[in-house]
Amino acid sequence: MSLRLELVDDLVLLGWEGMEVDLLQRRPSFVTGTHFATGPAPSPASVVSPGTSSVEATTWSLRGMTALVTGGTRGIGHAIVEELVGFGARVHTCCRNERELDGCLSEWDNLGFGVTGSVCDVSVRSQREELMSTVSTLFDGKLNILINNVGRNLRKPVVDFTAAEFSTLMATNFESVFHISQLAYPLLKASGVGSIVFTSSVLGFVSLKSMSVQGANKEAYKEILFICDSRSINQLTKTLACEWAKDNIRSNAVAPWYIRTSMVEQVLSNKEYLEEVYSRTPLRRLGDPKEVSSLVAFLCLPASSYITGQIVCVDGGMCVNGFYPRHD
Ligand SMILES: NC(=O)c1ccc[n+]([C@@H]2O[C@H](COP(=O)([O-])OP(=O)(O)OC[C@H]3O[C@@H](n4cnc5c(N)ncnc54)[C@H](OP(=O)(O)O)[C@@H]3O)[C@@H](O)[C@H]2O)c1
């Protein structure tokens, strides 16, 4: 039996010769192009084994499901939006910059993705409430997937943090995910099958000194608040996995190491530091947002229905490296 590719509008249908069309996975053409043109193994949604029943095929599909992805206009969040749409979900996203949001929404509209979005600063309580009220109206009070993705970092010595900076970082990185999860709970429960994925960080597992390249001041600092937030998120992930399991809501987190996005552009512009990053990463490269979004999608799929309370590193092996001197 051979693999079949069929182009319908902007979508590539993929499946095995002889299978019914409704068993095939629909993916945006550029995503499929990326998976096949560059050689890596196709993502799970692209492969349906010969002889697969329709029940098994739904294991690898998010068709009919609804999702909220916070911070979906750039970087990892942007890749997650497209990955979830590729698996068939209806997605709503948010960010602070209205112009960027409109640009993304119109691009997605042209691709036929049907993504919706709101301007929302997740560090502000009233805006979080407004966001969830919009999501509830859009999706008839039901939400299958919540991706708590927004996060920020500020690299400076502990003594230099002002009270305002401390509050903003904590509100953006931890208070927001706690509150949005609370607000989403009735919707996740009402959907019958809920899944939360948090974007944490390898800093939940290892300590890291990062570079500040603000002005002429190139110094290394421990990312202290980012470490606290990542560890709090990991604990929340585990707590919700236990507390909300009775409602068929799973809770997992992904923990990236350096992924090439606007958030880390500045710190990685320091060539010396970048070399250090490569030397501590067994795969000797940075990650791509799509390498995080594929894991996020897996954690939302019925295929991972017995996985909850886990924090999975996407780090090119950095966390398990220990003392392993560079040999190449
Ligand atoms: N990139 C990495 O190497 C890395 C490593 C470990 C963990 N992470 C985590 O991964 C997540 C995504 O990071 P990224 O690198 O993709 O970041 P990014 O490229 O800076 O994108 C951040 C996204 O979140 C939005 N956003 C930021 N603050 C917001 C706020 N207060 N309210 C609403 N939306 C907000 C941004 O849009 P607006 O600016 O318009 O609001 C943008 O859409 C973060 O939680 C980050 O901590 C990233």
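**Close-up views of a predicted model**

**View 1. Asp140 sits in the loop that links helix H5 (125-138) to strand S7 (145-148).** This is a predicted model, with local features needing pLDDT of at least 70 and side-chain atom pairs counting only at pLDDT 80 or more, while totals for chains, interfaces and linings use all residues. Residues are numbered from 1 along each chain as its sequence is written, and side-chain values use heavy atoms, with hydrogens and water left out. Helices (H or I, at least four residues) and strands (E, at least two) are DSSP runs, numbered from the N terminus. Asp140 isn't a glycine, yet its phi is positive, at about 55°. Most residues other than glycine have a negative phi. With 68% relative accessibility, Asp140 counts as exposed (over 50% relative accessible area; buried is under 20%, partly exposed is in between, with a 1.4 Å probe and protein chains only).

**View 2. The whole chain gives the backdrop, with 9 helices and 12 strands.** Of its 328 residues, 49% are buried. Take the contacts (heavy atoms within 4.5 Å) between residues at least 6 apart in sequence: 71% of them join residues at least 24 apart.

**View 3. Helices H6 (residues 163-191) and H7 (residues 224-243) run alongside one another, with axes that come within 10 Å and cross at roughly 10°.** That makes H6 roughly parallel to H7 (angles under 35 degrees count as roughly parallel, over 145 as roughly antiparallel, 65 to 115 as roughly perpendicular and the rest as oblique). The axes are lines fitted to C-alpha atoms over the stretch in contact, and angles run from 0 to 180 degrees between N-to-C directions. H6 brings Phe166, Leu169, Met170, Asn173, Phe174, Val177, Phe178 and Ser181 to the contact, and H7 answers with Leu225, Phe226, Asp229, Ser232, Ile233, Leu236 and Leu240. Sort these residues by type and you get 11 nonpolar, 3 polar and 1 charged (Ala, Val, Leu, Ile, Met, Phe, Trp, Tyr, Cys and Pro count as nonpolar, Asp, Glu, Lys and Arg as charged, and the others, Gly among them, as polar).

**View 4. Asn153 is in the loop between S7 and H6.** At 14% relative accessibility, Asn153 counts as buried. Setting aside neighbours within four places in sequence, Asn153 is in contact with Leu169, Glu223, Phe226 and Met263. Two of those partners also turn up in View 3: Leu169 on the H6 side and Phe226 on the H7 side.

**View 5. Helices H3 (residues 75-86) and H9 (residues 289-300) cross at roughly 50°, their axes coming within 8 Å.** H3 and H9 are therefore oblique to each other. On the H3 side are Gly75, Ile76, Ala79, Ile80, Glu82, Glu83 and Leu84, and they meet Pro289, Lys290, Val292, Ser293, Ser294, Val296, Ala297 and Cys300 in H9. That contact breaks down into 9 nonpolar, 3 polar and 3 charged residues.

**View 6. Helix H8 (residues 271-280) has Tyr273, Leu274, Val277, Tyr278 and Ser279 as its buried residues.** Asn270 caps the N-terminal end of H8, with a side-chain oxygen 3.1 Å from the backbone nitrogen of Glu272 (a polar contact is a pair of N or O atoms within 3.5 Å; within protein, one must be able to donate a hydrogen and the other to accept it, and residues adjacent in sequence count only if both atoms are side-chain atoms).

**View 7. Thr281 belongs to the loop between H8 and H9.** Thr281 is buried, with a relative accessible area of 0%. Not counting residues up to four places away in sequence, Thr281 touches Trp257, Asp315, Gly316 and Asn321. Arg284 is also in the loop between H8 and H9, and it has a positive phi of about 55° despite not being a glycine.
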